[in-house]
Protein chains: 2
Amino acid sequence: MMSRERPIRVDCLQYANWSEKVFRQMREGGVDGVHVTIAYHENFRETVQNIEQWNRWFERYPNLIFLGRTGDDLTLARETNRTAIFFGFQNPSPIEDDIGLIEVLHTLGARFMQLSYNNQSLLATGCYEAQDPGITRMGRQVIKEMNRVGLVVDMSHSAERSTLEAIEISERPIAITHANPSFWHPALRNKSNDLLRALGQSGGMLGFSVYPHHLNDGSDCTLESFCQMIAKTAELMGLERIGIGTDLCQDQPDSVVEWMRVGRWTKEIDYGEGSKNSPGFPEMPVWFQDNRDFNTIESGLLAVGFSSNEVARIMGENWRTFFDQSFGPADRQINMLDRTAAE
Amino acid sequence: MMSRERPIRVDCLQYANWSEKVFRQMREGGVDGVHVTIAYHENFRETVQNIEQWNRWFERYPNLIFLGRTGDDLTLARETNRTAIFFGFQNPSPIEDDIGLIEVLHTLGARFMQLSYNNQSLLATGCYEAQDPGITRMGRQVIKEMNRVGLVVDMSHSAERSTLEAIEISERPIAITHANPSFWHPALRNKSNDLLRALGQSGGMLGFSVYPHHLNDGSDCTLESFCQMIAKTAELMGLERIGIGTDLCQDQPDSVVEWMRVGRWTKEIDYGEGSKNSPGFPEMPVWFQDNRDFNTIESGLLAVGFSSNEVARIMGENWRTFFDQSFGPADRQINMLDRTAAE
């Protein structure tokens with residue numbers, strides 16, 4: 001039996017080729033909660049089909065996984081030795097042009113939605129666009145509705161101005177679930193110090209990515225370098241504002257990274273973070289191959305000087321607090337208020 | 001302040017032209033729960049659009065209505081002086097040909113689904129078809145899945161053989177939310193004694209309709225005749241197996257009854273229960289015009305000799321018990337079992 005006192009462990013972004021093997025590895029790695037991507041470019045109906053697929057997995061592997069809806073489900077996961085699965089979208093395509101779908105998809109389990117993925121969306125600008133005009137008219141309405149129902153604004157793939165505006169406009173803290181600071185590795189997907197400082201000051205969260213294109217030295221990045229970067233970011237943002245979001249794309253064929261980058265928006269190939277010579281998924285660092293390697297990251301953090309309490313926060317307790325505060329409706333009090341009024 | 005000891009009052013079928021006026025009348029009539037039709041012939045996406053419309057009403061009138069999900073929500077409604085709204089479909093069109101949509105729509109609030117509406121469906125036969133071959137191959141699979149997630153099989157508009165087979169195949173009690181016995185008024189939509197006896201013996205429920213085409217003497221039906229019919233049906237089925245399902249279609253234009261009957265399945269007009277000379281909605285009986293008239297039905301039931309405890313059961317307590325037993329997953333115990341296994 002696992003101790004109930006063990007700290008909560010969360011990975012705030014994965015997009016694996018899901019299988020019993022992967023779910024079992026989550027258990028071996030002691031991962032209580034995973035934010036999984038269920039849509040890249042899917043429209044509403046296609047996203048519902050992906051939810052149906054997840055429902056089949058929940059039905060088939062009830063002893064390994066279940067749908068996570070609240071921060072409390074992380075505790076339930078720990079107590080029942082399972083992993084809580086939290087749904088998210090890398091793109092607002094699932095809501096199409098219909099703001100009413102935000103509440104519908106939240107009811108179906110969605111807890112994170114990126115306002116843009118690399119390109120301009122109806123809501124915000126992606127990090128690969130040449131110009132970033134900021135949050136759009138619909139974007140402002142959508143942020144307000146996401147705040148109301150408890151769907152977290154995720155700006156992982158968005159451009160800088162749009163992200164700063166989202167931090168400003170959103171009345172609840174936002175997240176960058178999977179990215180790293182550009183001071184460490186200046187990729188377009190990584191984030192500036194100004195942005196990270198604003199994110200931290202607003203109560204938002206950054207999840208550190210292990211995806212090689214976001215790492216200094218790519219696939220050859222050392223665990224020590226990764227953990228030292230985390231230490232520097234903790235100084236910049238605050239220790240309470242950081243967690244893990246590996247961006248693990250385990251067992252995926254290269255056709256999937258092409259779908260992520262190209263979707264249906266172009267007839268030409270867009271290599272995104274890759275290149276013509278290496279168009280596929282990059283090789284993961286030796287120290288993080290799959291869900292069983294979270295203990296390795298934990299050891300790395302202890303080795304660069306974090307206390308065990310600090311490590312517990314980074315490995316999941318910070319996300320637990322954020323989930324607690326973010327996934328419920330903005331006004332939880334309505335029933336109680338009405339109850340009072342009725343008496 | 002209303003006493004918390006007042007019995008629960010439920011109407012198990014309405015399809016009004018919803019408005020603040022109607023929601024206020026529900027409060028005036030002391031109706032704690034209403035099963036509302038949110039789809040006649042709508043496909044999945046159109047049904048979701050109707051759910052979005054309801055979400056706007058819930059947001060706009062939080063002091064009058066809220067989405068009902070469990071039997072407990074009837075108690076919450078009574079305690080907070082609001083009406084719990086339970087979603088249902090008169091046709092399986094919202095699940096299209098996709099069994100995975102059953103769980104998705106249950107998560108979004110659906111609690112009743114008719115397997116057919118007048119015509120043959122993918123699942124069962126409607127009461128206006130000449131032949132009734134019974135529950136189809138897909139129908140058997142759908143009943144099993146509805147049983148699993150807690151979506152009630154409703155056979156109000158289905159044909160006799162299909163209904164008897166549904167009672168037999170379903171592992172949980174089914175409902176006929178709005179119809180009357182044909183011994184009282186032999187309409188195609190009303191039900192035979194054999195069928196009602198089988199329904200009662202299986203633990204199912206019948207909701208008595210006040211829709212004139214289902215009434216002896218139509219719009220001229222007397223309250224006394226209606227209540228005497230209820231007394232006879234109680235003898236046939238058991239007092240615990242009956243409730244109210246008025247089929248109130250308040251404030252609807254006649255274009256709506258045409259949509260109900262014709263949908264998109266024919267280019268010709270089908271008059272359904274109406275006729276060429278009276279194609280529109282029939283006039284409701286003088287003693288039941290809208291939600292404020294439930295006290296009148298209650299008085300009528302007392303007048304034909306029911307005790308006040310029996311009246312309370314018919315007016316809603318029976319539905320409360322049925323809701324309690326029907327809306328949750330077949331296996332509520334999974335978390336507790338897993339919790340035990342983990343220890």
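**A buried loop residue, a nonpolar core and a pair of packed helices**

In chain B, the loop between β9 (242-244) and α9 (254-262) is home to B:Thr246. The model looked at here is a predicted one, and this threonine makes a handy starting point. B:Thr246 counts as buried because 25 other C-beta atoms lie within 10 Å of its own, where 20 or more is the cut-off. Setting aside residues up to four places away in sequence, B:Thr246 touches B:Asp11, B:Leu13 and B:Gln14, along with B:Ser209, B:Val210 and B:Phe288. Another residue to look at here is B:Phe208: 38 residues separate it from B:Thr246 in sequence, yet the two sit 6.3 Å apart in space, C-alpha to C-alpha.

Over in chain A, strand β1 (residues 10-14) is a good example of a buried element. Since 5 of its 5 residues are buried, β1(A) is largely enclosed by the rest of the structure. Its partner is strand β2 (residues 33-39) of chain A; the two run parallel and are joined by 3 bridges. In one of these pairings, A:Val10 has A:Gly33 of β2(A) as its bridge partner.

Next comes the nonpolar core. The largest one takes in 178 residues, and the most contacts inside it belong to A:Ala166, A:Leu206, B:Ala166 and B:Leu206. A:Leu206 gives an idea of what such a residue meets. Not counting neighbours within four places in sequence, A:Leu206 is in contact with A:Ile176, A:Ala179, A:Leu196 and A:Leu199, and also with A:Thr233, A:Met237, A:Arg241 and A:Ile242.

That leaves the helices. Two packed helices are described by the angle between their axes and the distance between the axes. In chain A, helix α8 (residues 223-237) packs on helix α10 (residues 294-303) at an angle of about 65°, and their axes are 9 Å apart. The crossing of α8(A) past α10(A) is right-handed. On the α8(A) side, the contact involves A:Leu223, A:Glu224, A:Phe226, A:Cys227 and A:Ile230, which meet A:Thr296, A:Gly300, A:Leu301 and A:Ala303 of α10(A). Sorted by type, the residues of this contact come out as 6 nonpolar, 2 polar and 1 charged.

Chain B has its own α8 (residues 223-237) and α10 (residues 294-303), which pack at an angle of about 65° with axes 9 Å apart. Here α8(B) passes α10(B) in a right-handed crossing. B:Leu223, B:Glu224, B:Phe226, B:Cys227 and B:Ile230 make the contact from α8(B), while α10(B) supplies B:Thr296, B:Gly300, B:Leu301 and B:Ala303. The split for α8(B) with α10(B) is 6 nonpolar, 2 polar and 1 charged.

Terms used. Residues are numbered from 1 along each chain as its sequence is written. Chains are lettered from A and ligands numbered from 1 in the order in which they are written. This is a predicted model: local features need pLDDT of at least 70, side-chain atom pairs count only at pLDDT 80 or more; totals for chains, interfaces and linings use all residues. Axes are lines fitted to C-alpha atoms, for helices over the stretch in contact, and angles run from 0 to 180 degrees between N-to-C directions. Helices (H or I, at least four residues) and strands (E, at least two) are DSSP runs, numbered from the N terminus. A crossing is left-handed if the near helix is turned anticlockwise from the far one by less than a right angle, and right-handed if clockwise. Two residues are in contact if their C-beta atoms, placed from the backbone, lie within 7 Å. Ala, Val, Leu, Ile, Met, Phe, Trp, Tyr, Cys and Pro count as nonpolar, Asp, Glu, Lys and Arg as charged, and the others, Gly among them, as polar. A residue is buried if 20 or more other C-beta atoms lie within 10 Å of its own, exposed if 12 or fewer, and partly exposed in between; C-beta atoms are placed from the backbone. A nonpolar core is a set of buried Ala, Val, Leu, Ile, Met, Phe, Trp, Tyr and Cys residues joined through C-beta atoms within 7 Å. Two strands pair if DSSP finds at least two bridges between them.
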